[in-house]
Amino acid sequence: MRKLAFFLMAVVTSASGETPDVFRDADLKLGEKLIAENQCVACHQQKVGGDGSAIYRPAGRINSAGFLRGMVERCNTELNLSLFPEEVNAMAAVLNRDHYHFTK
Ligand code: HEC
């Protein structure tokens with residue numbers, strides 16, 4: 001029963017077009033774990049204070065899911081985290097769900 005509800009939710013969400021194509025297969029649980037493990041928030045907090053989320057500016061220069069993904073990729077490269085593309089994508093998808101809300 002729960003599986004069915006989840007399935008219906010997934011169908012409704014994708015049908016409404018709220019999840020950008022690039023994040024459709026993203027593993028959100030993995031993304032949350034990676035964001036927690038890789039000091040993303042700790043460093044952002046040092047920079048902007050509070051809970052660090054002020055670093056995410058949905059109305060700033062990042063204006064699409066692809067761009068957001070690229071920014072996470074850049075952080076990944078600069079920090080030498082050596083993450084896989086699916087992992088970068090998963091983190092970007094979580095940031096999109098929680099902060100940016102891009103639909104494409
Ligand atoms: C060593 C410090 C540091 C770490 C660690 C770090 N960041 Fe950042 N991040 C920054 C700074 C500084 C900026 C602002 C850069 C700018 O405005 O050009 C930023 C900006 C961003 C932005 C763009 C915000 C916006 O809307 O303009 C995203 C997305 C982001 N970081 C994601 C991540 C993720 C995901 C991780 C973990 C894998 C991470 N960052 C780890 C320092 C860090």
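A salt bridge is taken here as a side-chain nitrogen of Lys or Arg within 4 Å of a carboxyl oxygen of Asp or Glu. In this predicted model, Arg74 and Glu78 satisfy that rule, with their closest N and O atoms 3.3 Å apart. The two residues are four positions apart in helix H4 and are therefore separated by about one helical turn. Arg74 is partly exposed at 44% relative accessibility, whereas Glu78 is exposed, with a relative accessible area of 58%.

**Charged pairs**

By the same rule, the count of salt bridges comes to six, and the table lists three of them, including the pair just described.

| Salt bridge | Closest N to O distance |
|---|---|
| Lys33 and Glu37 | 3.6 Å |
| Arg74 and Glu78 | 3.3 Å |
| Arg97 and Asp98 | 2.7 Å |

Lys33 and Glu37 lie four residues apart in helix H2, so about one helical turn separates them. Both ends of this pair are partly exposed, Lys33 with a relative accessible area of 47% and Glu37 at 46% relative accessibility. In the pair of Arg97 and Asp98, Arg97 is partly exposed with a relative accessible area of 37%, and Asp98 is likewise partly exposed, with a value of 40%. Salt bridges with shared partners join these two residues and Glu32 into one network.

**Overall fold and core**

The chain contains five helices and zero strands, which gives the order α-α-α-α-α from the N terminus on. Of its 104 residues, 29% count as buried, and the accessible surface comes to about 7200 Å², with 58% of that area belonging to carbon and sulfur atoms. Among contacts with a separation of 6 or more, 66% are made by residues 24 or more positions apart.

The largest nonpolar core has 20 residues, of which Phe23, Leu68, Leu95 and Tyr100 touch the most other members. Helix H2 (28-37), helix H4 (65-78) and helix H5 (85-100) are the elements that give two or more residues to this core, and the largest share, seven residues, comes from H5. Tyr100, apart from its neighbours within four places in sequence, is in contact with Tyr56, Arg57, Pro58, Ile62, Leu68 and Leu95.

**Iron site and cysteines**

The iron atom of the ligand has His44 as its only protein donor, through NE2 at 2.1 Å, and His44 is placed in helix H3 (residues 40-48).

The model has zero disulfides. Cys75 is in no disulfide, since a pair of cysteine sulfur atoms must be within 2.5 Å to count as one, and the nearest cysteine sulfur, that of Cys40, is 7.2 Å away. Cys40 is buried, with a relative accessible area of 18%, whereas Cys75 is partly exposed, with a relative accessible area of 32%.

**Backbone in two loops**

Most residues other than glycine have a negative phi. Against that background, Gln39 has a positive phi of about 60° although it is not a glycine. Gln39 lies in the loop between H2 and H3 and counts as exposed at 53% relative accessibility. Ser82, also not a glycine, has a positive phi of about 50°; Ser82 is found in the loop between H4 and H5, where it counts as exposed at 63% relative accessibility.

Definitions and conventions
Residues numbered from 1 in each chain as written. Predicted model: local features only at pLDDT ≥ 70, side-chain atom pairs only at ≥ 80, totals over all residues. Heavy atoms only, no water. Core = buried A, V, L, I, M, F, W, Y, C linked by side-chain atoms within 4.5 Å. Buried < 20%, exposed > 50% of the residue type's maximum accessible area, 1.4 Å probe, protein only. Contact = heavy atoms within 4.5 Å. Donors = N, O, S within 2.8 Å, 3.2 Å for Na, K, Ca; no water. Areas by Shrake-Rupley, 256 points an atom, 1.4 Å probe, with all protein chains shown as cover.
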